[in-house]
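Here is a short tour of some side-chain contacts and helix packing, written to be read with the structure open beside you. Let's take the contacts one group at a time.

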Amino acid sequence: MIQEIKTAEEYKNIITENKFVVIHFWAAWNKYDLMMRERLEELNAKFTGIVVFFGVNVDHLDLVDLIRNANVCNIPAAGYYYNGDLLETIVGLVSADQIKSRINIILNAR
């Protein structure tokens, strides 16, 4: 299960304490986010011990700066973090294969 990040401090701890993090930026009212979550849950099981997955609800107004700094301009979006740095944010619903491919590209570049 993908855990939700609820504070900016929690976000900072997660991206600095884990080598590779994928954060799903979502909203409960967006049906595409449900599909994205299913895909990320599937990949969470496949990448256990390699990548950690978390979620951020974009409707939490106290996280607006965090969301803006992650370059989220629409949802669903996925931020890819490596060693505490945001490498990129992919906006839009993508397939599990596309996410897996992106993760593998990042891992192979390191």
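Glu 88 has a relative accessible area of 21%, so Glu 88 is partly exposed. Please keep in mind that this is a predicted model.

**Salt bridges**

Which residue does Glu 88 form a salt bridge with? The partner is Arg 102, and the closest N and O atoms of the two are 2.2 Å apart. This pair links distant parts of the chain, with Glu 88 in strand 5 (residues 85-91) and Arg 102 in helix 4 (residues 96-109), 14 residues apart. Arg 102 has a relative accessible area of 25%, so Arg 102 is also partly exposed, since that class begins where the buried class, under 20%, ends.

The structure holds four salt bridges, and the table lists three of them, including the one just described.

| Salt bridge | N to O distance | Where the partners lie |
|---|---|---|
| Glu 88 and Arg 102 | 2.2 Å | Glu 88 in strand 5, Arg 102 in helix 4 |
| Arg 68 and Asp 65 | 3.2 Å | both in helix 3 (residues 64-69) |
| Glu 42 and Lys 46 | 3.5 Å | both in helix 2 (residues 31-46) |

Within helix 3, Arg 68 and Asp 65 are three residues apart, about one turn of the helix. Arg 68 has a relative accessible area of 54%, so Arg 68 counts as exposed. Asp 65 is exposed as well, because its relative accessible area is 51% and the exposed class covers values over 50%.

In helix 2, Glu 42 and Lys 46 are four residues apart, which is again about one turn of the helix. Glu 42 is partly exposed, because its relative accessibility is 40%.

**Aromatic pairs**

Now to the rings. How many aromatic pairs does a search of the whole structure find? The search finds two. In one of them, the rings of Tyr 11 and Tyr 81 have centres 5.8 Å apart and planes at 80°, so this pair is edge-to-face; the cut-off for that class is an angle over 60 degrees. Tyr 11 belongs to helix 1 (residues 8-17) and Tyr 81 to strand 4 (residues 77-82), so the pair links distant parts of the chain, 70 residues apart. Are these two tyrosines, Tyr 11 and Tyr 81, buried or exposed? Both are buried.

Phe 20 and Tyr 82 form an aromatic pair that is likewise edge-to-face, with 5.6 Å from centre to centre and 70° between the planes. Here too distant parts of the chain are linked: Phe 20 is in strand 2 (residues 20-26) and Tyr 82 in strand 4, 62 residues apart. Phe 20 counts as buried because its relative accessibility is 2%. Tyr 82, at 11% relative accessibility, therefore counts as buried too.

**A charge over a ring**

Another ring has a charged neighbour. The charged end of Arg 37 sits over the ring of Trp 26, 5.2 Å from the ring centre.

**Two helices packing**

Finally, follow helix 2 to where helix 4 packs with it. The angle between the two is about 50°, and the axes of helix 2 and helix 4 are 9 Å apart. That angle makes helix 2 oblique to helix 4. What is the handedness of the crossing in which helix 2 passes helix 4? The crossing is right-handed.

Note on methods:
Residues are numbered from 1 along each chain as its sequence is written. Side-chain values use heavy atoms; hydrogens and water are left out. Rings of Phe, Tyr and Trp (its six-membered ring) pair if their centres lie within 6.5 Å; planes under 30 degrees apart count as stacked, over 60 as edge-to-face and the rest as tilted. Buried means under 20% relative accessible area, exposed over 50%, partly exposed in between (1.4 Å probe, protein chains only). A charge sits over a ring if NZ of Lys or CZ of Arg is within 6 Å of the ring centre and within 35 degrees of the ring normal. A salt bridge is a side-chain nitrogen of Lys or Arg within 4 Å of a carboxyl oxygen of Asp or Glu. Axes are lines fitted to C-alpha atoms, for helices over the stretch in contact, and angles run from 0 to 180 degrees between N-to-C directions. Angles under 35 degrees count as roughly parallel, over 145 as roughly antiparallel, 65 to 115 as roughly perpendicular and the rest as oblique. A crossing is left-handed if the near helix is turned anticlockwise from the far one by less than a right angle, and right-handed if clockwise.
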